[in-house]
Amino acid sequence: MISPLGRKVRELRQEKGMTLEQLASATGSSKSYMWEIENKPVARPSAEKLARIAEVLGVTTEYLLSESRAAPTAN
């Protein structure tokens, strides 16, 4: 089962028309690392990495970490 974080990252990435590789490059991560965040049940990125992902996706870290599916709030 995908984590709420992984589901949100995937949905936001797809809404922005980004590939996994593009998101990885924009966040300074590897493609395999971003795949793990999107697909593994327990993904624990560092606070710095999470902030970079949120920035690239245009949301807050709080949104990514919340269980809520409410619309994201821009940074």
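Helix α4, spanning residues 47-57 of this predicted model, has six residues to look at on its buried side: Lys 49, Leu 50, Ile 53, Ala 54, Val 56 and Leu 57. Because their arc around the axis is only 165 degrees, these buried residues sit on the same side of α4. Let's walk around the helix and then turn to its contact with α2.

**The two sides of α4**

- On the face turned away from the buried side, α4 carries the exposed residues Ala 47, Glu 48 and Glu 55.
- The buried residues of α4 pack against four helices, namely α1 (4-15), α2 (20-27), α3 (31-39) and α5 (61-65).

**Just past the helix end**

- Gly 58 comes just after α4 and has a positive phi of about 75 degrees.

**How α4 meets α2**

- Two packed helices are described by the angle between their axes and by the distance between those axes.
- For α2 and α4, the axes come within 9 Å and cross at roughly 120 degrees.
- Angles of 65 to 115 degrees count as roughly perpendicular and those over 145 as roughly antiparallel, so α2 and α4 are oblique to each other.
- The handedness of the α2 and α4 crossing is right-handed.
- From α2, the contact involves Leu 23, Ala 26 and Thr 27, while α4 brings Lys 49, Arg 52, Ile 53, Val 56 and Leu 57.
- Sorted by class, the contact of α2 with α4 comprises five nonpolar residues, one polar residue and two charged residues.
- Lys 49, Ile 53, Val 56 and Leu 57 are thus buried residues of α4 that also take part in the contact with α2.

How values were computed
Residues numbered from 1 in each chain as written. Predicted model: local features only at pLDDT ≥ 70, side-chain atom pairs only at ≥ 80, totals over all residues. Heavy atoms only, no water. Buried < 20%, exposed > 50% of the residue type's maximum accessible area, 1.4 Å probe, protein only. Helix = DSSP H or I, 4+ residues; strand = E, 2+ residues; numbered from the N terminus. Arc of directions from axis to C-beta. Contact = heavy atoms within 4.5 Å. Axes fitted to C-alpha atoms, helices over the stretch in contact; angles between N-to-C directions. Parallel < 35°, antiparallel > 145°, perpendicular 65-115°, else oblique. Left-handed = near helix turned anticlockwise from the far one by under 90°. Nonpolar A, V, L, I, M, F, W, Y, C, P; charged D, E, K, R; others polar.
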